[in-house]
Amino acid sequence: MNTRDIQLDAQHDTRHMLYPFANQTHLAKSPPLVIERGEGVYVYDRNGKRYLDGQGGLWNVNVGHDRPEIKEAIREQLDRISFYSIFGGTSNQPAIDLSHVLCRWTAQEGMERAFYSSGGSEANEAAFKLARQYWRQVGQPTRHKIISLKRAYHGVTLGALSANGTTAYRSPYEPLMAGFVQVETPYTYRNPFTSEPEQLGRLCAALLEREIEYQGPSSVAAFVAEPVQGAGGVIVPPANFWPLVREVCDRHGVLLIADEVVTGFGRIGSEMGSRHWGVKPDMMVFAKGINSGYIPLGATMANARICDAFVTKDDTQFSASAFYHGNTYAGHPLACVAAIVNLEITEKEQLHLNAKEVGTYLIDRLKSIQDKHRYMGEVRGQGLMIAIELVADKKTKAPLDLSLNVGARISDECRKSGVLIRNLADTFIISPPLTLTKAHADEMVEAIDKAMAKLD
């Protein structure tokens, strides 16, 4: 059987794939939409139907689909060498070149070195290992605990999952790793404390400090958070939260890790999520927008404080100060050349500024239809990282009965209108390519308006 025969035979058959974050029984009845090609902010299915990609792939196709510059860079690298390891005393030039590019991008945050992986989960895993080993290197081995936020999403590997703050993702795999603790997130729309953002920011930073003191600062290695929470519902913190968190961490000597997997490289209207809040973390974690998904890649970056602890007088190959962690495809040459060109495009086209301008426009347009529709509880976001939270009652903010599948039904109606947006239960996630225009935003809002009207 040739490849074409396999493709024809498998067109509507999902039996041989186990899909991520999906009910396989549901997929057997409602097969996934198979995307065949993409161009700019649009993708096309096997029947040639065009869809506005409101998901940006999965938060990550920042520069758009089918960029010839990235494809050409990958082809040229293929003609040189497609893969070589950075283990055991060898390296490859694209990995070295990208490390310089990344350090230039993050110079304002003081990042000095990049450690590569294959994606965001692995990049967070590396950050947690670096944090724990750092404290051993500097003579404080009891500092091993990682504190994160409720509703946080940091990945699916065991350490990253242990830092997650969403019960649905955690519970099937418990017990998880010891030494991971979650504290309250500054969720302005839903919290038991206050409707005043600045007060909420102060309160949540204080709760973090209380938890550090309760655990004992000598046991806490790091606090990790997304500058804007992603899969937890696009939760934008109050403006004072991140600066206060930095102060709390400094008071107790705790490392600050910024999970920039989604927010890095322009999505929220600033080159870096941390930069938007005026904060310098000790480590920054990247994936997704680092190369717009053309080849899987993640990176964990650290400042001088971290890096200097791994430089010792012991110059033997397998010294105790070595970082005993890595992945086969870390620093993959094809992924790295894709990232270099992707970041050149991002910088040249000033996509963070476009995300800020078009994102503001899109949020305003969505808010303009909010009062028309019974289920639109809140529109929120930063740049082109946007959410629509659906509710059963706008006054009480009572959540919808998930068995009614309201979010899925609205998403399906949008798809019929040629717009793809992702619903996480009854919260819509809008994360299109950063090349989106205001005309594209209008197209998206019209589809959402029409879909909402069908269920009102």
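Buried means under 20% relative accessible area, exposed over 50%, and partly exposed in between, computed with a 1.4 Å probe on protein chains only. The structure is a predicted model, in which local features need pLDDT of at least 70, side-chain atom pairs count only at pLDDT 80 or more, and totals for chains, interfaces and linings use all residues. Residues are numbered from 1 along each chain as its sequence is written, and side-chain values use heavy atoms, with hydrogens and water left out.

**View 1. Glutamate 413 and lysine 416 form a salt bridge in helix α15.**
A salt bridge is a side-chain nitrogen of Lys or Arg within 4 Å of a carboxyl oxygen of Asp or Glu. Here the N to O distance is 3.3 Å. Helix α15 covers residues 406-416, and the two partners sit 3 residues apart in it, about one turn of the helix. Helices (H or I, at least four residues) and strands (E, at least two) are DSSP runs, numbered from the N terminus. Which partner is buried and which is exposed? Glutamate 413 is buried, with a relative accessible area of 16%, whereas lysine 416 is exposed, with 59%.

**View 2. Serine 411 is a buried residue of helix α15.**
Its relative accessibility is 7%. The side chain of serine 411 reaches the backbone oxygen of isoleucine 421 at 3.1 Å. This is a polar contact (a pair of N or O atoms within 3.5 Å; within protein, one must be able to donate a hydrogen and the other to accept it, and residues adjacent in sequence count only if both atoms are side-chain atoms). Contact in general means heavy atoms within 4.5 Å. Beyond its neighbours within four places in sequence, serine 411 is in contact with Ile421, Asn423 and Phe428.

**View 3. Arginine 75 and glutamate 72 pair within helix α4.**
Side chains of opposite charge can pair when their charged atoms come close. In this salt bridge the N to O distance is 3.1 Å. Helix α4 spans residues 68-80, and the two residues are 3 residues apart, about one turn of the helix. Arginine 75 is partly exposed at 43% relative accessible area, and glutamate 72 is partly exposed at 34%.

**View 4. Glutamate 109 and arginine 275 form a salt bridge.**
The closest N and O atoms are 2.6 Å apart. Glutamate 109 lies in the loop between α5 (93-105) and β4 (111-117), and arginine 275 lies in helix α11 (residues 273-276), so the pair ties together parts that are 166 residues apart in sequence. Glutamate 109 counts as buried at 4% relative accessibility, and arginine 275 counts as buried at 16%. A search of the whole structure finds 20 salt bridges. Elsewhere, a network of salt bridges links Arg190, Glu378, Arg380 and Glu389.

**View 5. An open sheet is formed by 7 strands.**
The strand order is β4-β10-β9-β8-β7-β5-β6, with mixed pairing. Which strands are at the edges? They are β4 and β6 (180-183), each of which pairs on one side only. Neighbouring strands of the sheet are turned by 20° against each other on average, direction ignored. Two strands pair if DSSP finds at least two bridges between them. Strand β10 (residues 298-303) is joined to β4 by 6 bridges, and the two run antiparallel. Phenylalanine 115 stands opposite threonine 300 in β10.

**View 6. Helix α5 lies across β4 and β10 and also packs with helix α13.**
The direction of α5 is at about 135° to β4. Axes are lines fitted to C-alpha atoms, for helices over the stretch in contact, and angles run from 0 to 180 degrees between N-to-C directions. Helix α13 (residues 333-348) packs with α5 at an angle of about 30°, with their axes 8 Å apart. The contact includes Leu98, Val101 and Trp105 of α5, and Val337, Ile340 and Leu343 of α13.

**View 7. Leucine 207 is found in helix α9 (residues 197-215).**
Leucine 207 is partly exposed, with a relative accessible area of 26%. From C-alpha to C-alpha, leucine 207 and glutamate 184 are 7.1 Å apart in space, while in sequence they are 23 residues apart. Not counting residues up to four places away in sequence, leucine 207 touches Val183, Glu184 and Phe193.
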